[in-house]
Amino acid sequence: MLRTTTAATRIEHATYNGMPAARFVTGEAFDWLVAFEMHDGRTTGLHGIRNPDKLHRAETVLPLDRGGHPLWKP
């Protein structure tokens, strides 16, 4: 699908599933994310995410806590 827009897109640093990532935001909308899989200091994979359900989870920061936090699911 091709999308066009007149608004500027900005790129923000992020982390997704423990990987360094870049968030692409157009206007106020979080459009997509690319995560960089790294091994020994080299990029070994790129993961592009556009699914709105997965992007919504990318905006939620969960604490690293195994002590019974209600959102923690081992």
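In the predicted model, Arg 10 has a relative accessible area of 40% and is therefore classed as partly exposed. The side chain of Arg 10 forms a salt bridge with Glu 12, in which the closest N and O atoms lie 3.0 Å apart. Glu 12 is likewise partly exposed, at 24% relative accessibility.

Two salt bridges are present in the structure. Besides the pair formed with Arg 10, Glu 12 meets Arg 23 in a salt bridge with an N to O distance of 3.0 Å. Glu 12 belongs to strand S1 (residues 9-16) and Arg 23 to strand S2 (residues 19-26), so this pair ties together parts that are 11 residues apart in sequence. Arg 23 has a relative accessibility of 18% and, because the limit for a buried residue is under 20%, counts as buried. Through shared partners, the salt bridges join Arg 10, Glu 12 and Arg 23 into one network.

Arg 23 also takes part in a contact with an aromatic ring: the charged end of Arg 23 sits over the ring of Phe 30, 4.1 Å from the ring centre. Arg 23 thus combines a salt bridge to Glu 12 with a placement over Phe 30.

Aromatic pairing was examined next. A search of the whole structure yields one aromatic pair. This pair is formed by Phe 24 and Trp 32, whose ring centres are 4.1 Å apart and whose planes meet at 5 degrees; the pair is therefore stacked, the cut-off for stacking being planes under 30 degrees apart. Phe 24 is buried, with a relative accessibility of 15%, whereas Trp 32 is partly exposed, with a relative accessible area of 30%.

The largest nonpolar core comprises 11 residues, namely Ala 14, Tyr 16, Met 19, Ala 21, Val 25, Phe 30, Leu 33, Ala 35, Ile 49, Leu 55 and Ala 58. Two or more residues of this core are contributed by each of S1, S2, strand S3 (29-39) and helix H1 (52-58). In soluble globular proteins, nonpolar side chains tend to be buried together. Phe 30, over whose ring the charged end of Arg 23 sits, is itself a member of the core. Among the other members is Ala 58; when residues up to four places away in sequence are not counted, Ala 58 touches Tyr 16, Phe 30 and Leu 33.

Definitions and conventions: Residues numbered from 1 in each chain as written. Predicted model: local features only at pLDDT ≥ 70, side-chain atom pairs only at ≥ 80, totals over all residues. Heavy atoms only, no water. Salt bridge = Lys/Arg side-chain N within 4 Å of Asp/Glu carboxyl O. Buried < 20%, exposed > 50% of the residue type's maximum accessible area, 1.4 Å probe, protein only. Helix = DSSP H or I, 4+ residues; strand = E, 2+ residues; numbered from the N terminus. Phe/Tyr/Trp six-rings, centres within 6.5 Å; stacked < 30°, edge-to-face > 60°. Lys NZ or Arg CZ within 6 Å of the ring centre and 35° of its normal. Core = buried A, V, L, I, M, F, W, Y, C linked by side-chain atoms within 4.5 Å. Contact = heavy atoms within 4.5 Å.
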